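Here is a friendly walk through one protein model, written for someone who likes to look at the atoms while reading. Keep the viewer open as we go.

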Amino acid sequence: LDAGAERAHPWPPAAFEWIPSASPGHAPAIDCLRARRRMHSRHGSSRSRDRLLAPPLMSAATGSTHIRHRTAFALLVVLLVGSFVLRFAAADNALWCDEVVSILHAARLRRAWDVFRLHQDNNHPLNTLALRLLAAGGAGSSQRIVSVIASCLTVLVAARIAWRHAQLLGGDRRRAGWAAVAGAVATGLCYPLVLFGTEARGYGMAMLFAATAILAIIECEHA
C-alpha cells in the first residue's frame, strides 16, 4: 500500500470487514492492514477533533475582524458627517470685514481673467473667481459655500492620508482604519480649521490643495 495515498484517502473502518481471517496466504497482508488500521484509529481522533474545532475558531476570528472593520468605518462616517454639519452651521453667521472686502473686489471684476490683474492681499484667485460666480447678495453661508465644501473635503483627504501613512508604516487594515478615524478627528473637530475653513476667503481651498499634495506624495511612495 502507498503511504501517501493512504494519508490522502484514509481507510474507513468498513474497508477491513471483507478481509478473510482464515486465509493463510493473505496473513502478512492482513497483519499489515490491521496495523495500519490501528494506527489510523489512534491518530484519527485527533485529526477529526482538529477538523471540528478549526473552522469555528477561524470563523470567530474572521467575524471579530469584520466587526472591528465595520466599527471603524461606521465611526469614520459619523465623524465625516459631523464635521460637515459643524462647518455648515459655523458658516451661517454674519460676514467679517475681510470677507466683505473680498466680495467687493470680486463684484468689481468685469471679466473672469481680470482676477489676475487684481493685486490685493485679499485676492485669492480661485476664491475670488468663485465669489464672482456666486450671487452678490444673500446670507453669509451662500458666499462661503465654496470654502465650506473645500474644508469638508479636507477632512476626507486627511483621513485618507492617515490611512495610507499607517499602511506605509506596516500596519494592517484594522490599524489603518483606526488611523483614518484619528485623522478625521484631528481635522474635523480642530477649531482653527473649522474657523478658517468657513470664511469667504481662500483658506479652505489652500488647506484642501495642501492636503491633496501631501496625499499625492504618500500615494507615490505607496505605489
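Helices, the elements named in this report, are DSSP runs of H or I that hold at least four residues, and they are numbered from the N terminus. With that in hand, we can look at the pocket: helices α2, α6 (145–168) and α7 (173–188) each give at least two residues to the lining of the largest pocket. Please bear in mind throughout that this is a predicted model.

**The overall fold**

How many helices and strands does the protein have? There are 9 helices and 0 strands, so the DSSP runs, numbered from the N terminus, read α-α-α-α-α-α-α-α-α along the sequence. The protein has 223 residues, and buried residues account for 32% of them.

**The largest pocket**

The space in the largest pocket comes to about 350 Å³. Its lining consists of 13 residues, and the ones that lie nearest the centre are Phe73, Leu76, Trp163, Gly177 and Ala180. Which helix supplies the largest share of the lining? That is α7, with 5 residues. By chemical character, the lining splits into 8 nonpolar, 2 polar and 3 charged residues.

Phe73 deserves a second look. This phenylalanine sits in helix α2, which spans residues 27–90. Is Phe73 buried or exposed? Its relative accessibility is 58%, so phenylalanine 73 counts as exposed. Besides lining the largest pocket, Phe73 joins Val77, Val81 and Val85 in a nonpolar surface patch of about 370 Å².

Another residue of helix α2 is threonine 71. Threonine 71 is partly exposed because its relative accessibility is 39%. Its C-alpha atom lies 9.4 Å from that of tryptophan 178, although the two residues are 107 apart in sequence.

**Salt bridges**

The structure holds 6 salt bridges. Three of them are set out here, with the distance from N to O.

| Pair | N to O distance |
|---|---|
| Arginine 201 and aspartate 98 | 2.9 Å |
| Arginine 111 and aspartate 114 | 3.5 Å |
| Arginine 117 and aspartate 114 | 3.8 Å |

Let us take the pair of arginine 201 and aspartate 98, whose side chains meet at 2.9 Å. Arginine 201 is in the loop between α8 (191–196) and α9 (203–222), while aspartate 98 belongs to helix α3 (residues 97–107), so this salt bridge ties together parts that are 103 residues apart in sequence. The two partners also differ in burial: arginine 201 is buried, with a relative accessible area of 5%, whereas aspartate 98 is partly exposed at 25%.

Which residues are linked in a network of salt bridges? They are Arg111, Asp114 and Arg117. Aspartate 114 takes part in both contacts, one with arginine 111 and one with arginine 117. Why does aspartate 114 count as buried? Its relative accessibility is 11%, and buried means under 20%. Its partners fall into other classes: arginine 111 counts as partly exposed because its relative accessibility is 35%, and arginine 117 is exposed because its relative accessible area is 57%. The cut-off for exposed is over 50%, with partly exposed in between.

**Further contacts between parts of the chain**

Two more residues help to show how parts of the chain lie in space. Arginine 132 is found in helix α4, which covers residues 125–133. With a relative accessible area of 27%, arginine 132 is partly exposed. How many ångströms separate the C-alpha atoms of arginine 132 and leucine 109? The separation is 7.5 Å, for residues that are 23 apart along the chain.

Threonine 212 belongs to helix α9, and this threonine is partly exposed because its relative accessible area is 37%. From threonine 212 to arginine 160 the C-alpha distance is 9.8 Å, and the two are 52 residues apart in sequence.

**Back to the pocket**

To finish, return to the viewer and find Phe73 in helix α2. From there you can trace the nonpolar patch through Val77, Val81 and Val85, and then turn to the pocket, where Trp163, Gly177 and Ala180 are among the residues nearest the centre.

Methods:
Residues numbered from 1 in each chain as written. Predicted model: local features only at pLDDT ≥ 70, side-chain atom pairs only at ≥ 80, totals over all residues. Heavy atoms only, no water. Patch = residues over 30% accessible without salt bridge, like charges linked within 9 Å, V, L, I, M, F, W, Y side chains within 5 Å. Areas by Shrake-Rupley, 256 points an atom, 1.4 Å probe, with all protein chains shown as cover. Salt bridge = Lys/Arg side-chain N within 4 Å of Asp/Glu carboxyl O. Buried < 20%, exposed > 50% of the residue type's maximum accessible area, 1.4 Å probe, protein only. 1 Å grid on protein atoms, 1.4 Å probe; cavity = no way out; pocket = protein on both sides within 12 Å on 5 of 7 lines; lining within 4 Å. Points joined across faces, edges and corners; volume = space filled by probe spheres on them. Nonpolar A, V, L, I, M, F, W, Y, C, P; charged D, E, K, R; others polar.
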